[in-house]
Amino acid sequence: MIAETKLEKKLIREPNRVPRWVMPLAKSGILIFDAFLAAGCFFLAFYLREGDAILSTAAWAWSKGFAPYVGVVFFVIPIRILMLAYQRVFRLQGAFSYIVEFIKVFKAVSVSSLLIIAFTFLFRGGFAFREFSYSRGVFLLDFAFALIAFSVFHLGLRYVQTLIRKRDINLIPTLIVGTNAEAEQTVKELKERRDLGYRVVGIVKTDRENKRKREGEIFETSIVGHLNNLPEIIRELAIQEVIITDGDVPTEKFFESMMELGREHKVEFRLAPSLFNFLPQKTSVEQIGVLPMVRLFREPLSDAERFIKRVSDIFISSISLLIISPLWLVISIFIKIDSKGEILFKQERVGMDGRKFLCYKFRTMRTDADDSIHREAYRKNIEGKAKEANAGDDEKPVFGKVKNDPRVTKIGRFLRRSSLDELPQLLNVLKGDMSIIGPRPPIPYEVEEYEIWHRKRLDMKPGITGLWQVSGRNRLTFEEMVKIDLYYIENWSLWLDLKIILLTFPAIVRGDGAK
């Protein structure tokens, strides 16, 4: 067992923000409402497809037309609830994603609909309706209505949950193990993003200490003890989640802690490794003689993958250009009214394999703008001078931008903040210079400052959006941006591209790092 030492100070457990009975009551209410939704969707599907009443007008009973479906309804309600529960839709703790939540609802509705159909055509309404022919249209409409209703209800619930969490309610008491840079990053993210559902109660130091440890806190979070006291700290503070940021700590330490705590505490342990510091997925294990070797693919994409990505780029850019053409016209008019000059701004950028191309954007600066101040700002960013390169503040840093840039026009500030200035890059995608998803296209004088490993991000076509944008955009330092780009290049898939596209819209709405 762990050799425990005396706690450095008396620990004070934070009181619950709401009574304990609130969460079970809320879950019960959600479950009951889901039951009514399941029944309501089926009733509506029957009424629209058959045009018959649900209840008899002559007596308090089911109508003659609906009578064969009564047995089905009593199966619909529990199977919908069970499938939603199986997909963990009723789990209201911890982080969530609207996309993942929709996928859960879609799976639950799809599987339950298939089971409803199977049950109906096997059950046949019982002995009395064994010859009855059920309408397939009823079940098809029921699936559509259920998918819409449950999606709207549960996504709406999640939105309400984010508002509640901003009031410091429905947060998991969490400990961070470690005082390294990863610990600082984890604490900062969890404190800034209350919607993730975690309340950092304290930090547990390990034998490998950070100089920040001497200050007694990280991002206004107290160090509550040493790793040797972990079980006692968890019990005293009623911790439900432990996030480990120090990878040098032996796993036996945490195993012993879990054994000492027992199952009744229900504490989850998570590992937060360094930022994207993983072995790439695109590897293969080979054997040379008796030696096992891991081969890293030198080419980020195969010929087939490049073809698939190019086809998807052409399709998405073509459709997008048709849809946004009215918006393009409106923006063009506002640019001309706001200042003199061309509507489009053309700038030389560096693409895949170092090839240069003209990148199109809506003009957001005056025509006589000097690029020397941006050169200087980006040089500091690449050199890692975070304090000097920060165009924002300590709470909301912005890297790679000029602070209070005097060159930007009034309409230009709006276009940059909303990312609408990048819409003309769809022409670059159509031409083949860029992709919809990819690393940010650098300016030639930026590339001149690159170290050798930085140039690896030029192995793929630059993109209008990318993993860097949905992961923080200009809030990231240059080093972090390069690591994210390399992770994307090594782990590319169509599914990853789709997830980035879906995550881009919320990032634009939030204005992540836009300036």
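Arginine 440 sits in the loop between strand E11 (435-437) and helix H13 (444-447), and it makes a good starting point for a tour of this predicted model. With a relative accessibility of 14%, arginine 440 counts as buried, since the cut-off for that label is under 20%. Its side chain is engaged in a polar contact with the side chain of glutamate 446, at 2.5 Å.

Stepping back to the whole chain, the protein contains 16 helices and 12 strands. Of its 515 residues, 44% are buried. Contacts that span long stretches of sequence are well represented: when residues at least 6 apart in sequence are considered, 73% of the contacts between them join residues at least 24 apart.

Two residues in helices illustrate such links across the sequence. Isoleucine 316 belongs to helix H8 (residues 303-338). Its relative accessibility is 28%, so isoleucine 316 counts as partly exposed. Leaving aside residues up to four places away in sequence, isoleucine 316 touches Ile436 and Ile501. The C-alpha atoms of isoleucine 316 and isoleucine 436 are 7.9 Å apart, although 120 residues separate the two in sequence.

The other example, leucine 147, is part of helix H4. Here the relative accessibility is 17%, and leucine 147 therefore counts as buried. Again leaving aside residues up to four places away in sequence, leucine 147 touches Phe102, Phe106 and Val109. Between leucine 147 and cysteine 41 the C-alpha separation is 9.4 Å, while the two lie 106 residues apart along the chain.

The packing of helices comes next. Two packed helices are described by the angle between their axes and the distance between the axes. For helix H2 (residues 70-86) and helix H3 (residues 98-123), the axes come within 9 Å and cross at roughly 150°. That angle makes H2 roughly antiparallel to H3, because angles over 145 degrees are placed in that class. The crossing of these two helices, H2 and H3, is right-handed. On the H2 side, the contact is made by Gly71, Val72, Phe75, Val76, Ile79, Arg80, Met83 and Leu84. H3 contributes Ala108, Val109, Val111, Ser112, Ser113, Leu115, Ile116, Phe119, Thr120 and Phe123. Sorted by class, the residues in the contact of H2 with H3 are 13 nonpolar, four polar and one charged. Val109 of H3 has already appeared in this account, as one of the residues touched by leucine 147.

Helix H2 also meets helix H4 (residues 136-165), with axes that come within 13 Å and cross at roughly 40°. H2 and H4 are therefore oblique to each other. As H2 passes H4, the crossing is right-handed. The residues that make this contact are Val72, Arg80 and Leu84 of H2, together with Phe139, Asp142, Phe143, Ala146, Phe150 and His154 of H4. The contact of H2 with H4 divides into six nonpolar, one polar and two charged residues. Val72, Arg80 and Leu84 of H2 thus take part in the contact with H3 as well as in the contact with H4.

Backbone geometry adds further detail. Most residues other than glycine have a negative phi. Arginine 88, which is not a glycine, nevertheless has a positive phi of about 60°. Its place is in the loop between H2 and H3, the pair of helices that cross at roughly 150°.

Serine 419 is likewise not a glycine, and its phi is positive at about 65°. This serine 419 follows just after H11, in the loop between H11 and helix H12 (425-431). Serine 419 has a relative accessibility of 8% and so counts as buried.

Helix H11 itself (residues 410-418) has buried residues at Ile411, Gly412, Leu415, Arg416 and Ser418. In an α-helix, with 3.6 residues a turn, residues three or four places apart point the same way. The N-terminal end of H11 is capped by threonine 409, with a side-chain oxygen lying 3.0 Å from the backbone nitrogen of glycine 412. Glycine 412 is also among the buried residues of H11.

Conventions: Residues numbered from 1 in each chain as written. Predicted model: local features only at pLDDT ≥ 70, side-chain atom pairs only at ≥ 80, totals over all residues. Heavy atoms only, no water. Buried < 20%, exposed > 50% of the residue type's maximum accessible area, 1.4 Å probe, protein only. Helix = DSSP H or I, 4+ residues; strand = E, 2+ residues; numbered from the N terminus. Polar contact = N/O pair within 3.5 Å; in protein donor to acceptor, adjacent residues only side chain to side chain. Axes fitted to C-alpha atoms, helices over the stretch in contact; angles between N-to-C directions. Parallel < 35°, antiparallel > 145°, perpendicular 65-115°, else oblique. Left-handed = near helix turned anticlockwise from the far one by under 90°. Contact = heavy atoms within 4.5 Å. Nonpolar A, V, L, I, M, F, W, Y, C, P; charged D, E, K, R; others polar.
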